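I opened the notebook to look up a pocket, some salt bridges and the nonpolar cores. The entries below follow that order.

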Amino acid sequence: MALVFKVLLFSVFINAAVNQCLAQSYLSPYNISWDKPSENALESMPCGGGDIGLNVWVENGDLLIYLSQSGTFDELNAFLKPGRVRITLNPNPFIDGTLFNQTLKLEQGYVEIRGEKNGCISTIKVWVDVFYPIINADVSSNEPIDVVAAYESWRFNDRELQKLEPDMCRSYLGAPYKPIIRADSISFTPSNEIEFYHQNRNDSTVFDMLVEQQKLETVKDKLWNPNKNRIFGGIMFGENMQSYGISNGQYASTPYKSWLLKSKTPVKNHTINICLQTTNVENIDDWRKAFSGVKIEARKNLQKRHQKTINWWREFWNRSYICIDHDEKNKDTIQWQIGRNYQLFRYQLGCNAYGRYPTKFNGGLFTVDPVFIDTIRPFTPDFRRWGGGSFTAQNQRLVYWPMLKSGDFDMMKPQFDFYLNMLRNAELRSLVYWGHSGACFTEQIENFGLPVAFEYKWKRPVGFDDGVSYNAWVEYHWDTALEFCYMILDYERFTGCDISEYLPLIESCLRFFDQHYQYRSSMRTPKMLDENGHLVIYPGTACETYKMATNPVTTIAALRSVITRALELDNDYWSDDQRDYLLGLGTRIPPISFRNKNGYQTISPAKSWERINNVELPQLYPVFPYGIYGIGKPGIDIAINTWRHGIDRPDQKQIKSWHQDAIFCARLGLINEAADLTIQKLKNADQRFPTFWGPGHDWVPDHNWGGSGMIGLQEMLMQTDSTKIYLFPAWPKDWDVKFKLHAPFNTIVEGQLENGKIIKLQVTPKERSGDIICLPFND
């Protein structure tokens, strides 16, 4: 698998020259350009690459940059920002100047800021090296200028979190332990650098707290703890810069200290480098040694490094696109806007292409001071709702599904490895609590595989099952891990890449449901299966909505789909015994239940349930993600009935955050509804940057909002079923579009629709052209 991803990465450079013109032809109109500075950090632009994300904005004459890097989790499992950078020019063209422009240049992946005052014209390019964790701020001017570059930190003292603030490290909400954010170490070096780092203490961490809470002390030495010995931080320096002292200030609600560098002499060109590193080593000297190569790289080959990064972004843009009403004269149409926003959000995802951890649904790498989003949260820039190192599986999946059709296969590995790395811990949970094998992954989960303490609950009834979260929303919510198994199997079908390393994960997730629900049945009756030889999946849950359910449709659809797809893999993947087990398990999966609603046959959320607790639509999960019902398949009328008549409360149909209404309608070929819902989903956000959606149910920028919007637009345009490729299954005839999307079996489909007619269609490889089915534009 590692070799496969390296090959995908190497291919970036092969087609760089060819790709340049193509990217320029459709991306330039999508650049975001502002002619006024920002009021605050919420009016920032995203920028990034590799595993680094930046918020970039100009405020009161200063360029400010929030720094984020994948995996910067502290002792509490908060997702801490490495810091903030402030750059000030003298003379300063950004104060009362005659020109201001800030532009996100999508094709090249960087932000450029230009200003002019009294004939002094200055430009700052902010870009991140995709291949090295190096942030670059390149300053150029038509006359010599001075630069002051400040590294700012709000973590200069230990500090206890207050009131609602522990939501940033969710396990500490309501915990009988004080959540204390430990101070960073920050200093000038003899080489006129600023060194800053956070070194996790290995005593009294969230890992220790959860092991104790969840009664896992007997296997503590076997549990994986990724936050142990973690050190993250970096250095900031510039060739013409020297130490300039320490100052204090306050930004928004948060006091900070500032370590300053100043240019030794005024010159026309300056470069400020910030190198970041996150690693697990036992002492700071080892961290510095591991860092030495990055520092050397940052000081040399600036132009060569930048060109390699530009080439990567060009290849990224040319592997896939959807451009609607792509003629620039249509820029005022809502269709053009949602096509543009599709590209913008994909850029945000690309900024964490190679992170150690998945892009988080609740802000990704681009969160800012929460007081600008919600005035009752006057907390530091480290804050985000729903936790830092804790993940909500239902939300995460929507960030990664669109990467299949966009061909961003190399970006999916962090999400797959997230579950693979936690596999042993999930299996130990099953063994300790119930004495059987299989991996039990909970819905709200810390990055080491144990349930979030807040959902697990500190006050639990005596005798309550130690393996179950005592929480009305996520009790018995274990089946989303199966959806990620299905995603891995889809990845194999799209790419043909070897997924052998993930087979233990897939098999273990399946075995859990088989063994656990036979175990549960044996606690009620001597019979482990029902009269038809099927598992009785009780207690279960259909998402967080239909609780204490029997045979929930989400679990049944997941088990059926994963087993079927696993058995379709080449024979080399499974031994004969494993294949026989999967075949046998398939016979034990109960059928999907149906019910009559208002005289219509609909898919039932479960065979039975005790209460409705949330507003999801799990009865349509057989449509998406599992594709049991859909275009060209039996029973689509039942699925359409379910969309139109099968809900139990009106607010199960919504637009914001993780709601999938547009995806369901697209999968069912409902053109008008899919188009309307997708417009509502992908239209400009309320924030200055068009794809900083939210907070919705989650936070800003809401990445499962954007991910679900991308999926909906893709499904309107192209759907696949085994070897079949359906084009325009839910596409309005009057939406002109140019597109390039990926399909299973290493297939690429490029096309153009204009005035309701297909004027271009290219399928690679050509022999797959016979699998294309162009559908009529009927609703």
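**Entry 1: the pocket**

How many nonpolar, polar and charged residues are in the lining of the largest pocket? I looked this up in a predicted model. By class, I found 14 nonpolar, 8 polar and 10 charged residues in that lining. The lining has 32 residues, and Tyr486, Arg565, Tyr626, Gly627 and Lys633 lie nearest the centre of the pocket. I then checked which elements give two or more residues to the lining: they are α8 (402–405), α11, α13 (553–567), α18 (703–717) and β26 (718–721). For the space in this largest pocket I noted about 650 Å³.

**Entry 2: salt bridges**

I looked up the salt bridges next, and the count comes to 45. I picked out three pairs.

In the pair of Asp466 and Lys215, the closest N and O atoms are 3.6 Å apart. Asp466 is in the loop between α10 (453–456) and α11 (480–495), and Lys215 is in the loop between α3 (206–213) and β14 (230–238), so this salt bridge ties together parts that are 251 residues apart in sequence. I also checked the accessibility of Asp466: its relative accessible area is 25%, so Asp466 is partly exposed.

The second pair is Glu501 and Lys413, whose side chains meet in a salt bridge at 3.7 Å, N to O. Glu501 lies in the loop between α11 and α12 (503–522), while Lys413 lies in helix α9 (residues 413–434), so the parts tied together are 88 residues apart in sequence. Glu501 is partly exposed too, with a relative accessible area of 31%.

The third pair is Arg768 and Asp771, with the closest N and O atoms 2.7 Å apart. Is Arg768 buried or exposed? Arg768 has 8% relative accessibility and therefore counts as buried, the cut-off being under 20%. Asp771, at 23%, counts as partly exposed.

I noted one network as well: salt bridges that share partners join Glu315, Arg319, Arg346, Asp408 and Asp410.

**Entry 3: nonpolar cores**

Which residues have the most contacts inside the largest nonpolar core? They are Leu54, Phe441 and Trp731, in a core of 226 residues. I followed Leu54 further. Leaving out residues up to four places away in sequence, Leu54 touches Met45, Pro46, Cys47, Ile65, Tyr66, Leu67, Val126, Val128, Ile135 and Phe366. Apart from the largest core lies another one, of 12 residues, including Ile134, Tyr197, Trp287 and Phe291.

How values were computed
Residues are numbered from 1 along each chain as its sequence is written. This is a predicted model: local features need pLDDT of at least 70, side-chain atom pairs count only at pLDDT 80 or more; totals for chains, interfaces and linings use all residues. Side-chain values use heavy atoms; hydrogens and water are left out. A salt bridge is a side-chain nitrogen of Lys or Arg within 4 Å of a carboxyl oxygen of Asp or Glu. Helices (H or I, at least four residues) and strands (E, at least two) are DSSP runs, numbered from the N terminus. Buried means under 20% relative accessible area, exposed over 50%, partly exposed in between (1.4 Å probe, protein chains only). On a 1 Å grid over the protein atoms alone, a cavity is a set of points where a 1.4 Å probe fits but cannot get out, and a pocket is an open set with protein on both sides within 12 Å along at least five of seven lines; lining residues have an atom within 4 Å of a point. Grid points are joined across faces, edges and corners, and a volume is the space filled by probe spheres set on the points. Ala, Val, Leu, Ile, Met, Phe, Trp, Tyr, Cys and Pro count as nonpolar, Asp, Glu, Lys and Arg as charged, and the others, Gly among them, as polar. A nonpolar core is a set of buried Ala, Val, Leu, Ile, Met, Phe, Trp, Tyr and Cys residues joined through side-chain atoms within 4.5 Å. Contact means heavy atoms within 4.5 Å.
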